[in-house]
Structure formats: C-alpha cells, structure tokens
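Thanks for taking a look at this one with me. Please have the sequence and the 3D view open side by side as you read.

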Amino acid sequence: MVWSKESREKQSNRFLNPFKVVDYRGVVIGVYKNSVEAEREGGFQSNAIRQVLNGRAKSHKRFTFLRISVDEYLKYIGEE
C-alpha cells in the first residue's frame, strides 16, 4: 500500500507532541509538532529526538529538545 501525501500529513497531525529545539546558548532555533516533522524538515533523527525528550540522552547534534504544550506550540507558529 502506498500512502498519499495527504494521508501521511493527516496521520502525522494525529500525533501532536510539540517540542522546541534549543542550541547551546539557550536560543530556540525551531519548534516542531512531532519528531517525524523534525526529521523531515530539520535534518534530525527522530529516534535520537525521542531519547532526549524521554531523558535517556542529553542532546542530539549539540541541540536539546524540550516538550512544550500545544498552546505554546500554536503561539510559536502564529496560530492562536
């Protein structure tokens, strides 16, 4: 079975686990709705992101990942 782009987006939107990406200076460099989106757009590895978010690793590619609320995510992307 081949998934269409619309089907993949719809499935991806079901799992909204937003987080922000913070560099070594504490500056937020990105906000993503889930690790799949960060992998696709940010060049990160989704399994490494999940390890940082769950506390099993401290960083990935010298970035830290911090969970945020859905409301905070919507503020970052401008959809309040």
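The numbered points below go from the whole chain to single strands, a helix, the loops and the surface.

1. A word on the basis before we start. This is a predicted model, in which local features need pLDDT of at least 70 and side-chain atom pairs count only at pLDDT 80 or more, while totals for chains, interfaces and linings use all residues. Residues are numbered from 1 along each chain as its sequence is written, and side-chain values use heavy atoms, with hydrogens and water left out.

2. Let's begin with the overall layout. The protein has four helices and three strands, and their order from the N terminus is α-β-β-α-α-β-α. Helices here are DSSP runs of H or I with at least four residues, strands are runs of E with at least two, and both are numbered from the N terminus.

3. Next, some totals. Of the 80 residues in the protein, 31% are buried; buried means under 20% relative accessible area, exposed means over 50%, and partly exposed lies in between, with a 1.4 Å probe and protein chains only. If we take the contacts (heavy atoms within 4.5 Å) between residues at least 6 apart in sequence, 37% join residues at least 24 apart.

4. Strand β1 is a good place to zoom in. Which strands does β1 pair with? It pairs with β2 in the antiparallel sense over four bridges, and four bridges also join β1 to β3, again antiparallel. Two strands count as paired if DSSP finds at least two bridges between them. To find the register by eye, look for V21 opposite G30 in β2 and for F19 opposite R67 in β3.

5. Stay with β1 (residues 19–22) for its side chains. F19 and V21 point one way and K20 and V22 the other way, yet all are buried. In the hairpin of β1 and β2, five residues sit between the strands, and G26 there takes a positive phi near 90°.

6. Helix α3 deserves a look down its axis. Its buried residues are S46, A48, I49, V52 and L53. They fall within an arc of 160° when seen down the axis, so they line one face of the helix; the arc is that of the directions from the helix axis to the C-beta atoms. Among the elements covering these buried residues are β1, α2 (35–42) and β3. After α3 comes G55, whose phi is positive, near 85°.

7. Two residues in the loop between α3 (46–53) and β3 (64–67) may catch your eye, starting with K61. K61 has a phi near 55°, a positive value in a residue other than glycine, and it is partly exposed at 49% relative accessible area. R62, in the loop between α3 and β3, also has a positive phi, near 70°. Is R62 buried or exposed? With a relative accessible area of 64%, R62 is exposed.

8. Finally, the outside. The accessible surface of the protein comes to about 5800 Å², and 48% of it belongs to carbon and sulfur atoms; areas come from the Shrake-Rupley method with a 1.4 Å probe, and for residues only the protein chains shown count as cover. V28, Y76 and I77 make a nonpolar surface patch of about 230 Å². Of these, V28 lies in strand β2 (residues 28–32) and counts as partly exposed at 32% relative accessibility.

Technical notes. Patch = residues over 30% accessible without salt bridge, like charges linked within 9 Å, V, L, I, M, F, W, Y side chains within 5 Å. Salt bridge = Lys/Arg side-chain N within 4 Å of Asp/Glu carboxyl O.
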